[in-house]
Amino acid sequence: MPQAKFNGKVIAESDDTVIVDGNHYFPPDSLIDEHFQPSATTSVCGWKGTASYYTLVVEGVRNEDAAWYYPDPKPDAEHIRGRVAFWKGVEVNS
């Protein structure tokens, strides 16, 4: 089952991920909420739309904008609406 880990802790786990551009997108209910803080950061992808970010906090260690999601994706990316992907030192095992 795919897991996302940061600072040695599992922060998301699901057998229902969607892989897009090499990234596992986890469903929102698979996140361990206590490790996710909303961020004001956004970015734009030409075909997916505008991404929003979370900062991760695990045992006092912060990883700014290390998770992203598309709250209102473009039609071609509708299948990842609200799902969360990771980067910046987050390990994703499948």
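# Two open sheets and an aromatic cluster

Ala4 has Val92 in strand 9 as its bridge partner. That pairing belongs to a predicted model. One open sheet contains three strands, and another contains four. Aromatic rings are the other topic here, with six aromatic pairs counted.

**The three-stranded sheet**

- The strand order is 2-1-9, and the pairing is antiparallel.
- Strand 2 (9-13) and strand 9 (91-93) are the edge strands, each with a single partner, so one side of each has no neighbour in the sheet.
- Neighbouring strands here are turned by 30° against each other on average, direction ignored.
- Strand 1 covers residues 3-6, and three bridges join strand 1 to strand 9.
- These two strands run antiparallel.

**The four-stranded sheet**

- The order of this open sheet is 5-6-7-8, again with antiparallel pairing.
- Strand 5 (36-45) and strand 8 (84-86) stand at the edges with a single partner strand each, so one side of each is left without a neighbour in the sheet.
- From one strand to the next, the twist averages 35°.
- Strand 7 spans residues 61-69 and pairs with strand 8 over three bridges, in the antiparallel sense.
- Trp68 has Ala85 in strand 8 as its bridge partner.
- In general, strands of a sheet pair through backbone hydrogen bonds, either parallel or antiparallel.

**Aromatic pairs**

- Two values describe a pair of aromatic rings: the distance of the centres and the angle of the planes.
- The count of aromatic pairs is six.
- Phe26 and Phe86 have ring centres 5.7 Å apart and planes at 70°, so this pair is edge-to-face; the cut-off for that label is over 60 degrees.
- Phe26 sits in the loop between strand 4 (23-25) and strand 5, while Phe86 is in strand 8.
- The pair therefore links distant parts of the chain, 60 residues apart.
- Phe26 has 0% relative accessibility, so it counts as buried.
- Phe86 is also buried, with a relative accessible area of 5%.
- Tyr54 and Tyr69 have ring centres 4.8 Å apart and planes at 25°, so this pair is stacked; stacked planes are under 30 degrees apart.
- Tyr54 lies in strand 6 (residues 49-58) and Tyr69 in strand 7, so the pair ties together parts 15 residues apart in sequence.
- Both Tyr54 and Tyr69 are buried.

**The cluster**

- Phe26, Phe36, Tyr54, Tyr69 and Phe86 form one aromatic cluster.

Terms used
Residues numbered from 1 in each chain as written. Predicted model: local features only at pLDDT ≥ 70, side-chain atom pairs only at ≥ 80, totals over all residues. Heavy atoms only, no water. Pairing = 2+ DSSP bridges. Axes fitted to C-alpha atoms, helices over the stretch in contact; angles between N-to-C directions. Phe/Tyr/Trp six-rings, centres within 6.5 Å; stacked < 30°, edge-to-face > 60°. Buried < 20%, exposed > 50% of the residue type's maximum accessible area, 1.4 Å probe, protein only.
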